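Here is a walk through the aromatic rings of one protein chain. Have the sequence and the model open as you read.

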Amino acid sequence: MSHTPQIRIAATYMRGGTSKGVFFRLADLPAAAQAPGPARDALLLRVLGSPDPYQKQVDGMGGATSSTSKAVILSPSESPDHDVDYLFGQVSIDTPFVDWSGNCGNLSAAVGPFAIANGLVDPARIPADGVVEVRIWQANIEKTIVSRVPVTNGQVQETGDFELDGVTFPAAEVPVAFMNPADGEGALFPTGNRVDELEVPSEVVAGGRLEATLINAGIPTIFVNAADLGYTGTELQEAINGDPAALLRFETLRAHGALRMGLIKDVSEAGSRQHTPKVAFVAPPSGYTASSGRQVAAEEIDLLVRALSMGKLHHAMMGTAAVAIAAAAAIPGTLVNLAAGGSERDSVCFGHPSGTLRVGAKASRAGDDWRVEQVTMSRSARVLMEGWVRVPGEVAG
């Protein structure tokens, strides 16, 4: 009986923020997968263990959640103003689909450390001790990310005492700045409004109309008020993910929001764009018990936010959604800003299912419009394993 042997591909398994994924250097991929297309998608699906009708990704590196079914491809930047080009793929768990429509803000924190450790940053710029500023070109959304990576004895420092809610162990702090995160000039609010009345089916909300802030900063995001959907904003994962009717309701809302934002031409197309837009619901500050058992006091936070990713409530907060939260909070009149008290601000601390997160934003008026210059947050990153992943030879083309 003939068989095809497995091949091995150099890879690194990394945590970045509250996500983890498989990192590759572009040059290490099989030739057929070095260009965008079906061969690349097939390879990443097999590496992560998708599509898996059991939704466990047992036969791959994926962790069966949106936070752990991710792939990153890095290469020396083609731009003289950047060190590395960063391409992110959100790998579906149960369908043969890789979504390239957006970024992963959490894994963005791991890009700089990987780039330094894998020779993608000029060695002359790496001090014996200090901080290396890595300029990253995010190829999915064509935006600049600036990461400040600590270095000790000439090597990336991964251990430290920085604690991040949603991550069990402390690590070294990696500040990350998302520069000019809106998608193109004038597109911060795709409809031109800070609050829209979104038309949705009656199964989403009685009456078929729902207030929403539709913003494109970091990642296209639909913000709605928790109370309008019958929620408090203190919900944990099981309250949403254990309710199939609620998940269908949110997916219907997401599809109609995507249509209103101009991301799709018909609601039926939303299924082929699973990674974007995100849906989040907000509420004024209130005390709650986080998933770790930690008591979060209302006085600690400016507002509550819960967000869905790939059809499920996120266990913490997506980094790109945190960018959208900070941008919207900085602009008076958005639902996010109103939930946080309604004043202009340059930072916001919000409560999520795993705890709290503070994010800074620089926003300014541009005539009748608003412009977000940058959003900053601190994350951490760590190599979990490095070596090779193996896939059957026919998958690699």
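A residue counts as buried when its relative accessible area is under 20%. Keep that cut-off in mind for this predicted model. Phe-281 has a relative accessibility of 0%, so Phe-281 is buried.

Now look at the ring pairs. A pair of aromatic rings is described by the distance of the centres and the angle of the planes. The model holds four aromatic pairs. One of them joins Tyr-231 and Phe-250. Their centres are 5.9 Å apart, the planes meet at 15°, and the pair is stacked. This contact links distant parts of the chain. Tyr-231 sits in the loop between β12 (219-225) and α3 (237-241). Phe-250 belongs to helix α4, residues 244-260. The two are 19 residues apart.

Are these two residues buried or exposed? Tyr-231 has 15% relative accessibility, so Tyr-231 is buried. Phe-250 is buried as well, at 3%.

Tyr-231 has another partner, Phe-281. Here the ring centres lie 5.3 Å apart and the planes are at 25°, so this pair is stacked. Phe-281 lies in strand β13, residues 278-283. Tyr-231 lies in the loop between β12 and α3, so the pair ties together parts 50 residues apart in sequence. Put the three together: Tyr-231, Phe-250 and Phe-281 make up one aromatic cluster.

Other rings meet a charged side chain. Arg-8 lies over the face of Trp-388, 3.9 Å from the ring centre. At Tyr-288, the charged end of Arg-306 sits over the ring, 4.7 Å from its centre.

Conventions. Residues are numbered from 1 along each chain as its sequence is written. This is a predicted model: local features need pLDDT of at least 70, side-chain atom pairs count only at pLDDT 80 or more; totals for chains, interfaces and linings use all residues. Side-chain values use heavy atoms; hydrogens and water are left out. Rings of Phe, Tyr and Trp (its six-membered ring) pair if their centres lie within 6.5 Å; planes under 30 degrees apart count as stacked, over 60 as edge-to-face and the rest as tilted. Helices (H or I, at least four residues) and strands (E, at least two) are DSSP runs, numbered from the N terminus. Buried means under 20% relative accessible area, exposed over 50%, partly exposed in between (1.4 Å probe, protein chains only). A charge sits over a ring if NZ of Lys or CZ of Arg is within 6 Å of the ring centre and within 35 degrees of the ring normal.
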